[in-house]
Amino acid sequence: MVKAKAVVKAKAEGRVSTVSDEELAKDLGLLSALTIGVGTMIGAGIFVLPGQAAAAAGPAVALSFVIGGVISLFTALSASELGTAMPKAGGSYYYVNHALGPLFGSVAGWGNWMGLAFASAFYTLGFGEYLASFLPIPGIALGPVGLSAFQIGALLAGSAFIAVNYIGAKETGGIQIVIVTILVGILTVFSVLGALQADLSTLRPLFPDETGGVTAVMPATGLVFVSFLGFAKITTVAEELKNPGRNLPLAVVGSVLIVTTMYAIIMVVLMGVINWKQLGPEFTDTPVLDVAEIAFGSIG
């Protein structure tokens, strides 16, 4: 009893930490968690893939994005349940390790790491392609190989985001909120103004014979599904969330709903401004940029 009173007194005086050394600081709120999901999903998927997806399914590709969002929503519900029951850092690695043991947990952890590495490379390359369109980035000749301008831009982007994440979760969360808010704002303005310029007659027929008709929708869904990878990453920071029982499900499910809606609207706008046949990779590598230039001029 005396010892317990001494511990309580020491805690009150600040001489003993009330947080375990192994427990992470809960610095992230609902908005930070939501922007982690939205920011991870709205990447190169919507800036690079629309051309390839439109070539695969035609105007029906907007439906492919909606189907991908619905599938993701079911996964999001499962991730929310697991994250709420076990609000620990590590996400899927922790769940598998807890349920099946260290061997399967290691496989899941390495698989998750490799998946994130490839996805990050895809996103940074897409970012570099757009960056090279705006800035005069020189290429580098390294013997027979060399690096192109957009690869240099990708390296710059990757280095910048590594530096940002090195700062810490709280600071990264704040920066993420600013970046994602600006990104969503720009895409919202793009969608609204683009809708005023769009000619919806270019969306007919919805299932063109050139792409295989309605049967092309599901293969296109598989192609664009990479655009939804990211919402489950919210569970990896569950231990750093304030009130994870409330904020984690709202962030996971909310990010999927927000991104699915944005994807579908943006695809309709893109194909309403430029005929879907001219959005393919053989015509452009930066479909969103080209549509903005056509719809709004050089300022767009």
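Colleague: Which loop does Phe-207 lie in?

Modeller: Phe-207 sits in the loop between helix H8 (169-197) and helix H9 (217-224). Keep in mind that this is a predicted model.

Colleague: Is Phe-207 buried, partly exposed or exposed?

Modeller: Phe-207 counts as partly exposed, because its relative accessibility is 30% and the partly exposed class runs from 20% to 50%.

Colleague: And which residues form the nonpolar patch on the surface?

Modeller: Phe-207 is one of them, along with Leu-63, Val-66, Val-70, Phe-74, Leu-77, Leu-206 and Val-214. Together they have about 690 Å² of accessible area.

Colleague: Stepping back, how many helices and strands does the protein have?

Modeller: There are 11 helices and zero strands. Read from the N terminus, the order of elements is α-α-α-α-α-α-α-α-α-α-α.

Colleague: What share of the residues counts as buried?

Modeller: The figure is 40% of the 300 residues.

Colleague: Changing topic, how many salt bridges turn up in a search of the whole structure?

Modeller: The search gives one. It joins the side chains of Lys-277 and Glu-210, with an N to O distance of 3.1 Å.

Colleague: Where in the chain are Lys-277 and Glu-210?

Modeller: They are in distant parts of the chain, 67 residues apart. Lys-277 belongs to the loop between helix H10 (244-273) and helix H11 (287-296), while Glu-210 belongs to the loop between H8 and H9. That loop between H8 and H9 is also where Phe-207 lies.

Colleague: Is Lys-277 buried, partly exposed or exposed? Same for Glu-210: buried or exposed?

Modeller: Lys-277 has a relative accessible area of 45%, so it is partly exposed. Glu-210 has a relative accessibility of 54% and therefore counts as exposed, as the cut-off for that class is over 50%.

Colleague: Now pockets. How much space lies in the second largest pocket?

Modeller: About 230 Å³. The pocket is lined by 17 residues, and the closest to its centre are Thr-75, Ala-79, Phe-231, Ala-232 and Lys-233.

Colleague: Which helices each supply at least two residues of that lining?

Modeller: Helix H4 (61-85) and helix H5 (92-100) do. H4 gives the most, with four residues.

Colleague: How does the lining divide into nonpolar, polar and charged residues?

Modeller: Eight residues of the lining are nonpolar, eight are polar and one is charged.

Key
Residues are numbered from 1 along each chain as its sequence is written. This is a predicted model: local features need pLDDT of at least 70, side-chain atom pairs count only at pLDDT 80 or more; totals for chains, interfaces and linings use all residues. Side-chain values use heavy atoms; hydrogens and water are left out. Patches are made of residues with over 30% relative accessible area and no salt bridge: like charges are joined within 9 Å, nonpolar side chains (Val, Leu, Ile, Met, Phe, Trp, Tyr) within 5 Å. Accessible areas come from the Shrake-Rupley method with a 1.4 Å probe; for residues, only the protein chains shown count as cover. A salt bridge is a side-chain nitrogen of Lys or Arg within 4 Å of a carboxyl oxygen of Asp or Glu. Buried means under 20% relative accessible area, exposed over 50%, partly exposed in between (1.4 Å probe, protein chains only). On a 1 Å grid over the protein atoms alone, a cavity is a set of points where a 1.4 Å probe fits but cannot get out, and a pocket is an open set with protein on both sides within 12 Å along at least five of seven lines; lining residues have an atom within 4 Å of a point. Grid points are joined across faces, edges and corners, and a volume is the space filled by probe spheres set on the points. Ala, Val, Leu, Ile, Met, Phe, Trp, Tyr, Cys and Pro count as nonpolar, Asp, Glu, Lys and Arg as charged, and the others, Gly among them, as polar.
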